[in-house]
Amino acid sequence: MDKAKAPLGGATGVGPVPVIETSGLTKRFGDRAALSGLDLAVPGGCAFGLLGANGAGKTTLIRTVLGLTAATSGSVRVLGRPMPAARARVLARVGAVVEEPRFHGHLTGRENLRVAAAVRGREAGQRVGTLLERVGLAGRADERVAGYSLGMRQRLGIARCLLSDPLLLILDEPMNGLDPAGIIGMREMIRTLVGEGRTVVISSHLLDEVEKTCDAVAVIDRGRLIAQGPVPGLVGADEQVLVGCTEAARAMELLSAQDTVAGISVEGDGLLRVTPRPGCTAASLNRLLVRADICVGRLEPVRATLEERFLQILSNAGEEVR
């Protein structure tokens, strides 16, 4: 990335200045609110995940941020400038794949990139070969795109995004159509892009991959922003312990009576999930049970996953609405 390029509106793409910032963002289609009062802040220099079920408003948010659809009310700033007023200047430093990427099917992958590069100048044209290698398409670059799989078109779409050497990339479901090896490759590529000082915003329903790839996330449900922040903060640092033993009922009674245990639930036959208080460890739980002549066959520290927290957040949000 050209570090000497003057940033837009003081944004560098890295650091505390949000690269995307919305305030009270609302988008209505008739009586239906696709977005409702969103206050979103995407920090620079990170991988940021947009999470939500189908129809939650993720793609509408992306389209509104990019100035592809007008907001009903509220404001959007991208790279420090207002959208859509500064759309032309801002989008010169933004790459985006919204929904499924579209190409000229009768042209090859290389030819499609050359057509896209032609409107961006000589430097973009010189990147075509390198970018095809970067996204893993060098060996298929001279085949017609009509024969590409969805995963290959996803990767070609990212190569097209990178032609302009963007500060910000917005990728709508980039893992779609990829096999396990392709997903790992995509994850590694996204982390490399972030390592170069870019910001990558990912809309995805693959929560496990988002947890592995992203530094921070926002959860959207029915057009509302339910939660946002660093992944570790949303998942929580509290560690739980799975305890498998021969006398689960007696073990549950014993552990429930301890001040060091914050909570306990039955996970299955002979399996308990224990939430210890600070200072209480798996070893101390084991020692307590063994002293009570309860045979422990399994002792496994676990943390909540992003998927578990996502479902919990949505569940809590649903209860608030009702």
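A disulfide here is a pair of cysteine sulfur atoms within 2.5 Å. Keep that cut-off in mind for the first close-up of this predicted model.

**Close-up 1. C46 and C214, two cysteines without a bond.**
By that rule, the disulfide count comes to zero. Start with C46: its closest cysteine sulfur sits in C214, 8.0 Å away, and that's too far for a bond. Looking from the other side, C214 has C46 as the home of its closest cysteine sulfur, again at 8.0 Å and too far for a bond. C46 counts as buried because its relative accessibility is 7%. C214 is buried as well, with a relative accessible area of 7%.

**Close-up 2. Helix α10 crossing helix α11.**
Here we've got α10 (residues 248-256) and α11 (residues 282-291), whose axes come within 11 Å and cross at roughly 120°. The two helices are therefore oblique to each other. The crossing of α10 past α11 is right-handed. On the α10 side, the contact is made by A251, L254 and L255, while α11 brings in L285, L288 and L289. Sort those residues by class and you get six nonpolar, no polar and no charged ones.

**Close-up 3. Q154 and its surroundings.**
Q154 has its place in helix α6, which covers residues 150-162. Is this glutamine side buried or exposed? Q154 counts as buried, since its relative accessibility is 4% and the cut-off for buried is under 20%. Setting aside neighbours within four places in sequence, Q154 is in contact with V97 and P101, and also with E173, P174 and N176.

Definitions and conventions: Residues numbered from 1 in each chain as written. Predicted model: local features only at pLDDT ≥ 70, side-chain atom pairs only at ≥ 80, totals over all residues. Heavy atoms only, no water. Helix = DSSP H or I, 4+ residues; strand = E, 2+ residues; numbered from the N terminus. Buried < 20%, exposed > 50% of the residue type's maximum accessible area, 1.4 Å probe, protein only. Contact = heavy atoms within 4.5 Å. Axes fitted to C-alpha atoms, helices over the stretch in contact; angles between N-to-C directions. Parallel < 35°, antiparallel > 145°, perpendicular 65-115°, else oblique. Left-handed = near helix turned anticlockwise from the far one by under 90°. Nonpolar A, V, L, I, M, F, W, Y, C, P; charged D, E, K, R; others polar.
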